[in-house]
Amino acid sequence: MFSPSVRPADRRVTGFLLGAVLLWVIAAARIISTYGVFSQTFDEPAHIAAGMEWLDKGTFTAEPLHPPLARVAVALGPFLTGARSTGYERFQLYQEGNEILYSGGQYSRTLALARLGILPFFLLATSVVCIWTWMLFGRATALLAVLLFTTLPPVLAHAGLATTDLPLAATLVGALLAFVYWLNRRTLPRSLLLGAAIASALVSKLSALLFLPSCGLALLLCHWLQGRDVTDPRRGGRPRIAALIGPVILAAFLVVWGVYRFSVRCLVTPGQSRYSTLDRYFGTHGKLHDLAYWVAESVPIPAADFSVGVYELFAIRYSPKYSNTSYLLGKVYTSGKWYYFPVVLAVKSPIPFLLFAGVGLAVLGRERSLQRKWSGLAPGLAALVLLVVCLPSKINLGGRYILAVYPLLAITAGFGAAALWNSSRNRAAARAAVVALLLWQLISSARIHPDYLAYFNEFAGGHPDRILVDSDLDWGQDLLRLADTLRMRGIDAVSIAYFGTADLSQHNLPRLLPLEPHQRERGWIAISETAFKMGNTIPLYQPPYDGYSWLEDYQPVAMVGRSIRLYYLPPERGIE
């Protein structure tokens with residue numbers, strides 16, 4: 001009987017692919033296991049509601065500041081099981097999202113279905129790490145990079161939430177890899193692929209408008225430093241590049257327009273109130289103001305909601321007058337700090353991962369082969385550029401804004417681990433160090449399960465709340481645990497200051513009393529870390545910021561999860 005022979009090289013490739021898939025499956029299982037543990041985080045209802053509008057009504061007008069792709073992905077599961085938009089007015093996304101989540105008494109199921117919509121993006125990010133590393137350094141290094149990436153707590157955390165942060169990270173690195181392919185060989189199919197990849201990042205989150213050009217320039221610089229002529233004279237030089245930029249733009253435009261359902265409309269509906277963000281640039285009266293509104297009301301354009309989102313992003317978020325209150329290193333700030341994201345990266349990333357990435361950059365920096373040196377440095381350099389362009393940001397609300405650095409650094413970290421393993425000096429010690437560092441990361445990642453969102457490395461010490469709060473520690477995720485804890489303790493009333501958007505009346509909590517800032521209470525008290533550090537909950541981040549500082553004189557009875565403090569203050573003598 002004839003049996004086809006399998007070449008050893010084929011077996012090695014198959015084994016490598018099976019190993020990479022197994023690592024992703026393990027990580028996906030860990031992510032899925034968190035769905036039933038955590039209540040909704042702050043922004044999840046809004047994203048679900050916006051995506052539901054796109055699916056149910058065929059429009060995307062409720063809040064255009066965030067594009068549809070990730071939002072549609074998280075709304076798809078609930079939509080397929082019967083959830084629909086509930087008719088709230090524009091900008092009431094949190095109320096509508098809660099209506100969707102709580103309808104039918106299937107809160108945990110609906111939330112889990114929404115979170116499942118992010119898993120394909122996690123698969124995309126893992127695939128890009130694997131392919132890019134394989135292309136640069138080989139299969140063994142690629143497997144190390146995938147191992148490091150799929151055990152990163154910040155990545156696992158946001159891969160388990162129905163938000164836009166992991167989708168942006170995945171589509172951004174996917175677009176950068178497509179750009180590398182395009183630079184290496186510029187053909188029409190690769191141009192179309194690049195355009196589609198760029199568009200996917202743009203319709204995931206508008207931060208891509210800043211990240212794509214800056215990281216793309218870093219990759220272009222690395223390509224040029226390899227000694228390759230970016231005009232590729234063998235293919236016609238500049239005319240050839242110019243001819244292929246057109247298909248990139250066309251493909252990007254068609255994908256963006258398609259995600260916005262090929263809609264064509266005016267930026268402003270005739271008869272609509274004249275108050276809008278246009279007034280920020282053109283004033284509230286005058287000829288320029290009238291001309292701007294005439295154009296906005298009279299000229300229909302494709303994907304108008306994308307243009308409105310871009311406009312609002314730059315008119316509001318990047319306005320000189322825009323301010324955002326944040327917490328860093330024990331202090332509350334009303335404007336961004338340039339060192340915010342470096343601190344986040346330093347304390348929210350596993351130390352072995354940082355060490356491997358540092359070794360990788362150092363070894364590549366000493367590489368004598370220019371081609372290997374600069375192509376290998378490209379992902380790490382792109383990560384550094386991404387971090388640098390975020391330094392002036394006024395939006396200091398969590399490391400999720402720079403989540404895309406992790407797949408890029410994972411490539412460099414994988415190379416660093418492989419380089420250390422293959423070191424010719426003190427080989428036994430080097431390999432022992434690699435094994436120890438890998439075990440350190442695996443153990444720290446396993447020990448924090450399922451609280452990936454609240455992960456801090458050893459640099460943070462025992463009180464990470466003194467460094468960061470908000471979406472790095474407390475994003476409203478522990479409400480289900482609070483309900484269980486209060487029930488187990490037989491508590492029939494509690495004063496509460498909860499940071500989150502969940503409807504407290506829907507979670508089988510005992511009688512709730514509002515814990516107002518600067519109002520001392522007795523009995524059982526539950527307070528979120530973000531509320532405790534920022535001084536209030538609603539209205540969010542408003543001064544004064546010491547509304548709950550009086551609680552610092554007491555020790556909590558317990559920590560609920562890692563984000564809610566539970567106190568018991570007995571009644572004062574003489575008071576019943």
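A residue is called buried here when its relative accessible area is under 20%. The model described below is predicted.

**Strand β5 and its sheet**

By that cut-off, five of the five residues of strand β5 (residues 493–497) are buried, so the strand is largely enclosed by the rest of the structure. In a regular strand the side chains alternate between the two faces of the sheet. In β5, Ala-493, Ser-495 and Ala-497 lie on one side, with Val-494 and Ile-496 on the other, and both faces are covered.

β5 belongs to an open sheet of five strands, in the order β6-β5-β7-β9-β8, and the pairing in this sheet is mixed. β6 (511–514) and β8 are the edge strands; each has a single partner strand, so one side of each has no neighbour in the sheet. Direction ignored, neighbouring strands are turned against each other by 30 degrees on average.

β5 runs parallel to β6, to which four bridges join it. It also runs parallel to strand β7 (residues 523–528), in this case with three bridges. Ile-496 takes part on both sides of β5: Pro-514 stands opposite this residue in β6, and Ala-526 does so in β7. Elsewhere in the sheet, β8 and β9 pair in the antiparallel sense over three bridges. Ala-558 has Leu-566 of β9 as its bridge partner.

**Salt bridges**

Side chains of opposite charge can pair when their charged atoms come close. The whole structure contains 13 salt bridges. Three of them are set out here.

| Salt bridge | Closest N and O atoms | Separation in sequence |
|---|---|---|
| Asp-43 with Arg-400 | 3.9 Å | 357 residues |
| Arg-481 with Asp-451 | 2.6 Å | 30 residues |
| Asp-451 with Arg-562 | 3.6 Å | 111 residues |

Asp-43 forms a salt bridge with Arg-400. Asp-43 sits in the loop between α1 (8–32) and α2 (44–57), and Arg-400 in the loop between α18 (370–390) and α19 (405–421), so their pairing ties together parts of the chain that are 357 residues apart in sequence. Both Asp-43 and Arg-400 are buried. They also belong to a network of salt bridges that links Asp-43, Asp-165, Lys-205 and Arg-400.

Asp-451 takes part in two of the tabulated pairs, one with Arg-481 and one with Arg-562. In the pair with Arg-481, distant parts of the chain are linked: Arg-481 is in helix α21 (residues 479–488), while Asp-451 is in the loop between α20 (427–447) and α21. The pair with Arg-562 also links distant parts of the chain, with Arg-562 placed in the loop between β8 (558–560) and β9 (564–569).

How buried or exposed are the members of these two pairs? Arg-481 and Asp-451 are both buried. The relative accessibility of Asp-451 is 8%, which is why this residue counts as buried. Arg-562 has a relative accessible area of 38% and is therefore partly exposed.

**Helix α6**

Helix α6 (residues 119–137) has 19 residues, which at 1.5 Å a residue should span 27 Å; its end C-alpha atoms are 27 Å apart, in agreement with that value. The buried residues of α6 are Leu-119, Phe-121, Phe-122, Ala-125, Thr-126, Val-128, Val-129, Cys-130, Trp-132, Thr-133, Leu-136 and Phe-137. Just after the helix, Gly-138 takes a positive phi of about 105 degrees.

Trp-134 also lies in α6, but this residue is partly exposed, with a relative accessible area of 30%. Its C-alpha atom is separated by 9.2 Å from that of Ile-411, although the two residues are 277 residues apart along the chain.

**A nonpolar surface patch**

Which residues make the nonpolar surface patch? The patch, of about 420 Å², is made by Trp-421, Val-435, Leu-439, Leu-442 and Ile-443. Helix α20 gives the largest share, with four residues. Val-435 is placed in α20. With a relative accessibility of 39%, Val-435 counts as partly exposed.

Technical notes. Residues are numbered from 1 along each chain as its sequence is written. This is a predicted model: local features need pLDDT of at least 70, side-chain atom pairs count only at pLDDT 80 or more; totals for chains, interfaces and linings use all residues. Side-chain values use heavy atoms; hydrogens and water are left out. A salt bridge is a side-chain nitrogen of Lys or Arg within 4 Å of a carboxyl oxygen of Asp or Glu. Helices (H or I, at least four residues) and strands (E, at least two) are DSSP runs, numbered from the N terminus. Buried means under 20% relative accessible area, exposed over 50%, partly exposed in between (1.4 Å probe, protein chains only). Patches are made of residues with over 30% relative accessible area and no salt bridge: like charges are joined within 9 Å, nonpolar side chains (Val, Leu, Ile, Met, Phe, Trp, Tyr) within 5 Å. Accessible areas come from the Shrake-Rupley method with a 1.4 Å probe; for residues, only the protein chains shown count as cover. The expected span of a helix is 1.5 Å times one less than its number of residues. Two strands pair if DSSP finds at least two bridges between them. Axes are lines fitted to C-alpha atoms, for helices over the stretch in contact, and angles run from 0 to 180 degrees between N-to-C directions.
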